Amino acid sequence: QAFRRRLGEDREWSSKDDQRLALSVALKMADISNCCRPTNLYMAWARNVATEFYNQGDTESHLGLTVSPFMDRRKDKSDFHKGQVSFMNYIVIPLFEAGQQLMPKMAFAAEQARRNKQELLSQQSTSVEP
């Protein structure tokens, strides 16, 4: 919110607060940048993250806790694609679209994220539930 609001202002990014905000957004973009990699690399990383989530869900289940959303490996077929598409829609693509306003040469990243999302949707529509 603060980043989008600041992007709308017509002044230089010269204050310490501006620099901290820009660096914070850049760091977050780097943190989730796997979603913007070529599809084969993105899918490998997404599966690795899903494995981490499923390990957490296994631990929660073992401890008698409710398994957190998207962390139940028994629901992989229904939740993996849904979770990734939601992450793209609500976090990745909006963040990279905002980031490219400050760094126009980053436009390729948002576009690749959109392609990866389309691949997920394609896979989701062709998968068959047991």
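Tutor: A crossing is right-handed if the near helix is turned clockwise from the far one by less than a right angle, and left-handed if anticlockwise. In this predicted model, the crossing of α3 and α5 is right-handed.

Student: At what angle do α3 and α5 pack, and how far apart are their axes?

Tutor: The angle is about 65 degrees, and the axes are 10 Å apart. Helix α5 covers residues 107-126, and α3 covers 39-62.

Student: Why are α3 and α5 called roughly perpendicular?

Tutor: Angles of 65 to 115 degrees count as roughly perpendicular. The value for α3 and α5 is about 65 degrees. The pair is therefore roughly perpendicular.

Student: Which residues make the contact of α3 with α5?

Tutor: From α3 come T39, Y42 and M43. They meet Q112, N116, E119, L120 and Q123 of α5. By class, there are three nonpolar, four polar and one charged.

Student: What makes α2 and α4 oblique?

Tutor: Their axes cross at roughly 135 degrees and come within 11 Å. The roughly perpendicular range ends at 115 degrees, and roughly antiparallel needs over 145. The angle of roughly 135 degrees fits neither, and α2 and α4 are therefore oblique to each other. The crossing of α2 past α4 is left-handed.

Student: Which residues of α2 and α4 make the contact?

Tutor: A22, V25, K28 and M29 belong to α2, and L95, F96, G99 and L102 to α4. Six of these residues are nonpolar, one is polar and one is charged. Gly counts as polar and Lys as charged, so G99 and K28 fill those two places.

Student: How do α3 and α4 pack?

Tutor: Their angle is about 115 degrees, with 12 Å between the axes. This crossing is right-handed. On the α3 side are Y42, M43, A46, R47, A50 and Y54, which meet D76, F80, Q84 and M88 of α4. The class count is seven nonpolar, one polar and two charged.

Student: What does D76 touch?

Tutor: D76 is in helix α4. Leaving aside residues up to four places away in sequence, D76 touches R47 and Y54. Contact here means heavy atoms within 4.5 Å. As for A50, its C-alpha atom is 8.6 Å from that of D76, while the two residues are 26 apart along the chain.

Student: What is the volume of the largest pocket, and which residues lie nearest its centre?

Tutor: The largest pocket holds about 380 Å³. Its lining has 17 residues, with A46, V49, F53, Q84 and F87 nearest the centre. α3 gives the most, with seven residues, and α4 supplies at least two. The lining divides into twelve nonpolar, three polar and two charged residues.

Student: Which residues line the second largest pocket?

Tutor: The lining is Q1, F3, R4, K28, Y90, I91, P94, L95 and A98. The elements giving two or more residues are α1 (2-7) and α4. The most come from α4, with five. The pocket's volume is about 160 Å³.

Student: How do you know which lining residues of the second largest pocket are charged?

Tutor: Lys and Arg count as charged, so R4 and K28 qualify. That fits the class count of six nonpolar, one polar and two charged. K28 also takes part in the contact of α2 with α4.

Definitions and conventions:
Residues are numbered from 1 along each chain as its sequence is written. This is a predicted model: local features need pLDDT of at least 70, side-chain atom pairs count only at pLDDT 80 or more; totals for chains, interfaces and linings use all residues. Side-chain values use heavy atoms; hydrogens and water are left out. Axes are lines fitted to C-alpha atoms, for helices over the stretch in contact, and angles run from 0 to 180 degrees between N-to-C directions. Helices (H or I, at least four residues) and strands (E, at least two) are DSSP runs, numbered from the N terminus. Angles under 35 degrees count as roughly parallel, over 145 as roughly antiparallel, 65 to 115 as roughly perpendicular and the rest as oblique. On a 1 Å grid over the protein atoms alone, a cavity is a set of points where a 1.4 Å probe fits but cannot get out, and a pocket is an open set with protein on both sides within 12 Å along at least five of seven lines; lining residues have an atom within 4 Å of a point. Grid points are joined across faces, edges and corners, and a volume is the space filled by probe spheres set on the points.
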